[in-house]
Amino acid sequence: MFKSFFENVVKPKESFSGRFMLKNMNKGHEKLAKWGRSFLQIYKEDIILDLGCGGGRNIEYFLTKACKVYGIDYSKASVEMASFLNKDAIKAGRCKIIEGNVQKIPFKDKSVDIVTAFETIYFWNNIEDCFKEVYRVLKDDGQFLICNEGAFREQKNIKKWADMLNFEVYSPTDLTKMLSKIGFICEYHLDDKKQLAFIAKKHK
Ligand SMILES: C[S@@+](CC[C@H](N)C(=O)[O-])C[C@H]1O[C@@H](n2cnc3c(N)ncnc32)[C@H](O)[C@@H]1O
């Protein structure tokens, strides 16, 4: 029962508990997300894609800064909530939320200025292939932001969740290795709680 409730973090279900978790994540992740977003350079004409968008709060924020914002999530419940939260922008043709897996991003090569992933890469299978997809869809000089509460598996408050829900925690060194190999230029920031904002830039 306890575990089944928290599985909504990995893939929110179409149920009361799934929707409850999505609302909580929209609120509960905001402080971390705000800090992570501060490392991005956003221009009005940018196209932004938020992967594993959950309840859509980051999309709502990005719509105040950029002209077009897309979201992808493999949970129907996430797509529904993110679409509801951003319904006006969807009507105006500035936003689209797509149900899909980040392993295959339904975008053309070099079509996006900024890709973001908040509290989601822990759950991605074949992560290096997902990162290659991010590289493919980014324009030259595009930015990829990964923002995670957990940067080390042994970190306070992380290990018990990672063990229970069986997810991966990638250290800044792991990420630098994987992303540099693909061609990204990497930098990262850790706060006093060891929360991570990782910026990978696609250079020409
Ligand atoms: C912990 S929630 C974070 C949601 C949101 N980014 C936030 O910060 O509140 C993780 C989200 O990533 C989505 N997700 C996980 N793996 C995914 C994948 N391979 N493809 C698409 N979405 C994925 C889940 O469905 C869930 O909505």
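Helices here are DSSP runs of H or I with at least four residues, numbered from the N terminus. Helix axes are lines fitted to C-alpha atoms over the stretch in contact, and angles run from 0 to 180 degrees between N-to-C directions. This is a predicted model, in which local features need pLDDT of at least 70 and side-chain atom pairs count only at pLDDT 80 or more, while totals for chains, interfaces and linings use all residues. Residues are numbered from 1 along each chain as its sequence is written, and side-chain values use heavy atoms, with hydrogens and water left out.

**View 1. Helices α7 and α9 pack together.** Here α7 (residues 127-137) meets α9 (residues 172-182) at about 50 degrees, and their axes are 10 Å apart. The two are therefore oblique to each other (not under 35, over 145, or 65 to 115 degrees). Their crossing is right-handed, meaning that the near helix is turned clockwise from the far one by less than a right angle.

**View 2. Helices α2 and α5 form another packed pair.** Residues 16-28 make up α2 and residues 76-85 make up α5; their angle is about 50 degrees, with axes 10 Å apart. That makes α2 oblique to α5, and this crossing is right-handed.

**View 3. Meet the residues around the ligand.** The ligand is surrounded by 21 residues (a heavy atom within 4 Å), and the closest are His 29, Gly 52, Asp 73, Phe 118 and Thr 120.

**View 4. Polar atoms face the ligand at Ser 78, Asn 101 and Phe 118.** A ligand oxygen lies 3.0 Å from a side-chain N or O atom of Ser 78. One ligand nitrogen atom is 2.9 Å from a polar backbone atom of Phe 118.

Definitions and conventions
A polar contact is a pair of N or O atoms within 3.5 Å; within protein, one must be able to donate a hydrogen and the other to accept it, and residues adjacent in sequence count only if both atoms are side-chain atoms.
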